[in-house]
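Here are my notes for a first look at this model. Open the structure beside them and follow along point by point.

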Number of protein chains: 4
Amino acid sequence: MKGAEVAHFSFPQKILFKHCDPAGIGFYPRYVEIINDAVEAMFDDCLGWSFAEIVKTGGVPTAKLNIDFKAPCRLGDQIQLDITIDRLGRSSMALTIVARGGEVRFTVDQVLVCTDTNGKPRSWPDPVRAKINDIMEGSV
Amino acid sequence: MKGAEVAHFSFPQKILFKHCDPAGIGFYPRYVEIINDAVEAMFDDCLGWSFAEIVKTGGVPTAKLNIDFKAPCRLGDQIQLDITIDRLGRSSMALTIVARGGEVRFTVDQVLVCTDTNGKPRSWPDPVRAKINDIMEGSV
Amino acid sequence: MKGAEVAHFSFPQKILFKHCDPAGIGFYPRYVEIINDAVEAMFDDCLGWSFAEIVKTGGVPTAKLNIDFKAPCRLGDQIQLDITIDRLGRSSMALTIVARGGEVRFTVDQVLVCTDTNGKPRSWPDPVRAKINDIMEGSV
Amino acid sequence: MKGAEVAHFSFPQKILFKHCDPAGIGFYPRYVEIINDAVEAMFDDCLGWSFAEIVKTGGVPTAKLNIDFKAPCRLGDQIQLDITIDRLGRSSMALTIVARGGEVRFTVDQVLVCTDTNGKPRSWPDPVRAKINDIMEGSV
C-alpha cells in the first residue's frame, strides 16, 4: 500500500452512535459513507471544486472501491482518514486512503471518474487538473 | 470474476429514493448497505443462522470488500444481487456478488470472518459449516 | 390517533442489522427512513405515481412529522406500517401511520406537500387526486 | 416555539452529498440523523456523559419527535442546530431545536428518556442532573 508517508489531505472523524452496529463496532456501509465525506471534503477544501458545483455539470462517481478492514472502530473512537492521490488520468483519479486511530483501522483503494451530466467520462476541468498536479508534486 | 452461472442466493432490490444522490443515481455507500442486506438475508434464509442469533455470540464482520461499479442504477430500477459462496475457510467465507438489472451494475468480492464477542476469529459453527458445504456442493 | 381501523396501505418491514444501534434496538433516524420507504411504496403501488415520475416535475417533501415511539423494535422483529390518508388539501396530504409488531411500536402524523421543481406548492395532478379520493372513500 | 433566544448548545453542520436526495435538497431522514448527531454532541461536550459511556448502562432513546420543516436545505448549505433544554423530569428531558442557515430550516420538539439496559426508565444520574440544572439556570 502506498500513500502512508505523505498524505495530500487528512479528514478527522469521530465514530458516532449512527456509525455503530448492534455488535458495538462500526458498521462497514457507514465507513463507506465516511470515505465519501472525506473525498467530498478534499474536493471542496483542497481542489476548490465543491460537490455542489460538480453536480451542476456532472459528477465524480466511484468506479472501483477496495477496502481492507484491519481493526474495528468503536463508539467514541477518534480516527483520521489520510488521502493520497496516486494517479491522475484524463478523466480518472486513483486514491489511497488510510484510516488510523492509533493503529490502522482500514485502508482503501478508490478510483473516481469525472463525468458529464449523462454519466460519460469527461476530462478534468483544466484548473482542477492543474490543482491536482500541484498537490501530487507537493508544491501545495 | 467467478460466480456468474450458479448463484447460491439471489436478493431482489428496487432502487428507492433513499438510495439516490443529487445526480439522480445510486449513491455508492447505499449499494454497500444493500450488499449487507443481501448477505444478511442469505444467512437468515439460506444458512439458517440469522444476524439476530449471530450477535448473541459474536459477529460476521467484513474483512475485505472490493467493488467494481460497472453501470449506474437509477431511481425505480429493479436489480438483483446474485451471491455465490466461493471459498469456506475455518473462520472465513469468500463471496462473489453480481448485481444486475439487465446489464451488470456492480460486482463484489467480499470476505467475511466469523468472530466471537471479542472480535477474535472463531470456527464456523458445525451446523452452519455443514449447510454452507451443502450449498457449495449444489446439494441444496 | 386516527386511522387504526381502516388502513389504506400496509407496508411490511423486517428490522434489519442496518436499522439497529449499539443498544441493540432500532435507531430512530432509521425508522424515519422506513417511514419514507412506506410512503414511497404507497405512491408507487397505490396512487400510481412513482417517486421516479414525481421527481421529473417536482417533489412531495414532508412539511410536518410527529412521531411517538411507544415500544422499541429489535433486530429480527417483523413489523408493519399501516398508512391512512386523513386529509387531502389542494397541495397537501395528511397521513397517519401506525407501526405494529404485535403491540404498537410507533405512530406517525405526517404532512406532505406536492411541489413543483422550484419547491413551490402546486395542486395534486388530477388523476392522482381522483385516485386519492377513491381511496379515502373506500371505493378502491 | 421556545428556545430561540438562549440556546444551551449549538451544533454546526454543512449539508453534504449524503444528506441530499434526487431533488437536490436535504432528505428528511438525514435531518433526523443530524438531530441525533447534535444531541449526541450535547451529551458529550456539554453534559459530560458520552453515548459511549451511556450505552454501558442503558440508553437515552427518543420518546417523541416533532419536526416542522420550514425551508429546504441544499447541498453545501451551512446550517446550525441550536438546542435548548426546556424541561427535565425524573427520567425524561424535553428539548427544542431550531436549525437555521440564515432563515429557519426546521424546528424540533424532542423528548428523550433515560433508560436502563432493559429499556426501563431510570432517574438521570445525579452528576448529569446537576449539570443539566446548571445549564438550564444559565450558570454554565
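The points below go from the contacts between chains to the core, the aromatic rings, one helix and one strand residue.

1. Some ground rules. This is a predicted model, in which local features need pLDDT of at least 70 and side-chain atom pairs count only at pLDDT 80 or more, while totals for chains, interfaces and linings use all residues. Residues are numbered from 1 along each chain as its sequence is written, chains are lettered from A and ligands numbered from 1 in the order in which they are written, and side-chain values use heavy atoms, with hydrogens and water left out.

2. Start with chains A and B. Chain A superposes on chain B through a rotation of 180 degrees with 0.0 Å of shift along the axis, at an RMSD of 0.0 Å; copies are fitted by least squares on the C-alpha atoms of residues with pLDDT of at least 70 in both. That is how a two-fold axis relates its copies. If you want to find the axis, look for A:N66: its C-alpha is the nearest to the axis in chain A, at 2.1 Å. Both copies use the same surface, with 94% of the contact residues of chain A recurring in chain B (contact means heavy atoms within 4.5 Å).

3. What does the area buried between chain A and chain B come to? About 1,800 Å², with 56% of it from carbon and sulfur atoms; buried area is the accessible area (1.4 Å probe) that two parts lose on being put together, summed over both. On each side, 17 residues are in contact with the partner chain. In chain A, the residues that lose the most area to chain B are A:Y28, A:L65 and A:F69, together 28% of what that side buries.

4. Now turn to chains A and D. Here too a turn of 180 degrees and a shift of 0.0 Å along the axis lay chain A on chain D, with an RMSD of 0.0 Å. The same surface serves both copies, and 100% of the contact residues of chain A recur in chain D. The contact involves 14 residues of chain A and 14 residues of chain D. Between them the two chains bury about 1,300 Å², 52% of it on carbon and sulfur atoms. The top three contributors on the chain A side are A:F17, A:K18 and A:L75, which supply 34% of the area that chain A buries against chain D.

5. On to the core. The largest nonpolar core has 174 residues, and those touching the most other members are A:F43, A:M93, B:F43, C:F43, C:M93 and D:F43. A nonpolar core is a set of buried Ala, Val, Leu, Ile, Met, Phe, Trp, Tyr and Cys residues joined through side-chain atoms within 4.5 Å. Try clicking on A:M93: leaving aside residues up to four places away in sequence, its neighbours include A:F43, A:L47, A:W124 and A:I132.

6. Aromatic rings deserve a look. There are 40 aromatic pairs over all chains. The ring centres of D:W49 and D:W124 are 6.5 Å apart with planes at 70 degrees, so this pair is edge-to-face. (Phe, Tyr and Trp rings, the last by its six-membered ring, pair if their centres lie within 6.5 Å; planes under 30 degrees apart are stacked, over 60 edge-to-face and the rest tilted.) D:W49 sits in the loop between helix 1 (28–45) and helix 2 (51–57) of chain D and D:W124 in the loop between strand 7 (115–116) and helix 3 (126–136), so the pair ties together parts 75 residues apart in sequence. Both D:W49 and D:W124 are buried, and both belong to a cluster of linked rings that includes A:F17, C:Y28 and D:F43.

7. Which residues of helix 3 (residues 126–136) of chain C are buried? They are C:V128, C:I132 and C:I135. Buried means under 20% relative accessible area, exposed over 50% and partly exposed in between (1.4 Å probe, protein chains only); helices (H or I, at least four residues) and strands (E, at least two) are DSSP runs numbered from the N terminus. The three cover an arc of only 60 degrees around the axis, which puts them on the same side of helix 3 of chain C; the arc is that of the directions from the helix axis to the C-beta atoms. They pack against strand 4 (78–88) and strand 5 (92–101) of chain C. Exposed C:D126 and C:P127 are on the face turned away from the buried side. After the helix comes C:G138, with a positive phi near 80 degrees.

8. Last, a strand residue. D:T84 lies in strand 4 (residues 78–88) of chain D and is buried, at a relative accessible area of 4%. Its C-alpha is 18 Å from that of D:S50, and the two are 34 residues apart along the chain.
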